[in-house]
Amino acid sequence: MKAKDIKLAELVDFQDGKIDLHGRRLVLHSLHAFAQFRKDIVETAGMHNARFLFTRFGNYWGRADAAAMKRIFHWDSFEEWLMAGPVMHNIQGVCKPQVNEFSFDKENGRFFMNVVWIDSGEAEEHLIEFGLSKEPVCWMLTGYASGYASFCTGREIFFVEKTCVAKGDKICSAVGKDRESWGEEQIKPYMAFFKSEDIHKKIMILTEELKQKTKEIEQQREKIAFFEKKSMVLPAEVHSASFAKALDTASRAAPFDTSILITGESGSGKEVLARYIHKLSSRATAPFIVVNCAALPETLLESELFGHKAGSFTGASKDRIGLFEQAHRGTVFLDEIGEISPLLQTKLLRVLQEKEILRIGENTPRKVDIRIIAATNRDIKKAVAENKFREDLYYRLAVIEIEIPPLRERPEDILPLARHFVSKISEKLKIKKLRLDSSCLDYLVRYNWPGNVRELENAIERAAVLCRNNTIRPSDLPANIIHKQEQDKLSIPSPLLPISEIERMHIKNVIDSVKGNKSEAAKILGISYATLWRKLKETSR
């Protein structure tokens, strides 16, 4: 998990009369009301004691958030966990933090951070009631940063505010260091405000209580689910460099009528990329016709593509226009092009070379104005080398070749895609305010996604259908995603096995898991029934 991937809607559950952060109840408050509260505390207890109370308040808050972040997520690194603190400040509306410098030496415990707090709500509160101050007043912010960093590092970390908007500076900024780096003389004037021994103990007790409460809530959900059963989504952001490169190539090739070959595993999004190219082309207002070359036998596929004359074969009772003609001035997407027969390869080559087709049963060619985009999940170059696919056709199709990387090689795109599918499926299934709980994120990122983007979309739709209170939780996701270690054993039995053997074993495991239902297995694998049948035939040799 990365700090930048934290989203408020996934982290917090907004219920009637309650805001819940994974077992911790939150309360929204008005900035003006809190400004009045600050004034009352200052006038009642004095400025020094007020600073002590607000710093202590922030320290507890920071430690509680650090504990929550550790409890909820599995972080990619220690630094990501630490940087989640500023992100939490941002999404909570306290300020917009900007970390300018950061270093932490785990061996000697040396910590340093330079942070800017843009648009500090605390400085605004002070200005509302007191006007300009002689000293920095972001006491809760310094307490929070100190508490959060101290909890993460296990050392005494103190943040001291250097500039503050409330005293007329352009910006609020602070420096955080470990106690040794500050030196006793420098940090001594601030030590009285950072008393935290009892706070840390309370946070640890609270963390254990929340862990137990989370388990109890999940058990309660399972019980409710049992009794209920007894009684009765390119539209997504692209973060990976590899897929961004594929999109860049596609967008640059789109305006030209050049043939394009898209390669990639089943379910990786080849048709989506083809539609993306079509929409960016001059043919965008004309038809986009999809043909699955593996789904039809040779004779029927030829008739579908080229059309036929009445009486040209048994059952041809009238003339029929083929898909190439229907797509006039548009785009034809030939999916699984590697499955077509040598005869069709020859006829397709003529379409590409001469821009004309010959209906079955006719002798007069017909001109067609189409663009062809083809796709395959096979190693087409290997098929060419084995004389199973025409070399001249390959070069005609692959003037531009774009490879889509599998989802497991671009994990940065998993969460943006998942969020896109949540939005898409919410609209499709008419589920208002469908949300993805943050506890699902680690499961989604860690899963290998052998079925690629299609499997991810299916998993989100399944979870959307099964979830309660319009919130997708881990228990709603497919079992193979949750039990990742078992899935890893199934997907990668041994690093010494060839890819073909790993694929064979994975297909067998999926078929066994659905009790031999090959149609269901094909859906889970993200491939067509015809492709599954071919793979089974190949592995039986």
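**View 1. Glu 302 sits buried, at just 10% relative accessibility.** Here, buried means under 20% relative accessible area, exposed means over 50%, and partly exposed falls in between (1.4 Å probe, protein chains only). What you're looking at is a predicted model: local features need pLDDT of at least 70, side-chain atom pairs count only at pLDDT 80 or more, and totals for chains, interfaces and linings use all residues. Residues are numbered from 1 along each chain as its sequence is written, and side-chain values use heavy atoms, leaving out hydrogens and water. The partner of Glu 302 is Lys 347, which is partly exposed at 29% relative accessibility. Their side chains meet in a salt bridge, 2.1 Å from N to O. Lys 347 belongs to helix 14 (residues 342-354) and Glu 302 to helix 12 (residues 298-306), so this pair ties together parts 45 residues apart in sequence. A salt bridge means a side-chain nitrogen of Lys or Arg within 4 Å of a carboxyl oxygen of Asp or Glu. Helices (H or I, at least four residues) and strands (E, at least two) are DSSP runs, numbered from the N terminus.

**View 2. Arg 410 and Asp 413 pair up in a salt bridge.** The closest N and O atoms of this pair are 3.2 Å apart. Arg 410 is buried, with a relative accessible area of 2%, and Asp 413 is buried too, at 1%.

**View 3. Lys 424 reaches Glu 457 through a salt bridge.** Their closest N and O atoms are 2.9 Å apart. Since Lys 424 is in helix 17 (residues 414-428) and Glu 457 in helix 19 (residues 452-466), the pair ties together parts 33 residues apart in sequence. Lys 424 itself is partly exposed, at 38%. Elsewhere, salt bridges with shared partners join Asp 13, Arg 435, Asp 437 and Arg 473 into one network. Across the whole structure, a search turns up 32 salt bridges.

**View 4. Glu 125 is tucked into helix 5 (residues 121-130).** Glu 125 is buried, with a relative accessible area of 5%. Setting aside neighbours within four places in sequence, Glu 125 is in contact (heavy atoms within 4.5 Å) with His 29, Leu 31, Phe 34, Ala 35, Arg 38 and Met 140.

**View 5. Met 69 and Ile 472 touch the most other members of the largest nonpolar core, which has 76 residues.** Such a core is a set of buried Ala, Val, Leu, Ile, Met, Phe, Trp, Tyr and Cys residues joined through side-chain atoms within 4.5 Å. Helix 6 (residues 139-153) gives the most to this core, nine residues. Domain 1 (3-193) and domain 4 (409-490) each supply at least three residues to this core; these bounds come from an automatic or database domain assignment. Beyond its neighbours within four places in sequence, Ile 472 has contacts including Val 422, Leu 434, Ile 460 and Leu 477. Apart from this core lies another, of 32 residues, among them Leu 323, Leu 344, Ala 383 and Leu 397.

**View 6. Helix 6 is largely enclosed by the rest of the structure, because 15 of its 15 residues are buried.** Its 15 residues should span 21 Å at 1.5 Å a residue, and the end C-alpha atoms are indeed 21 Å apart. That expected span is 1.5 Å times one less than the number of residues. Just after helix 6, Gly 154 takes a positive phi of about 75°.
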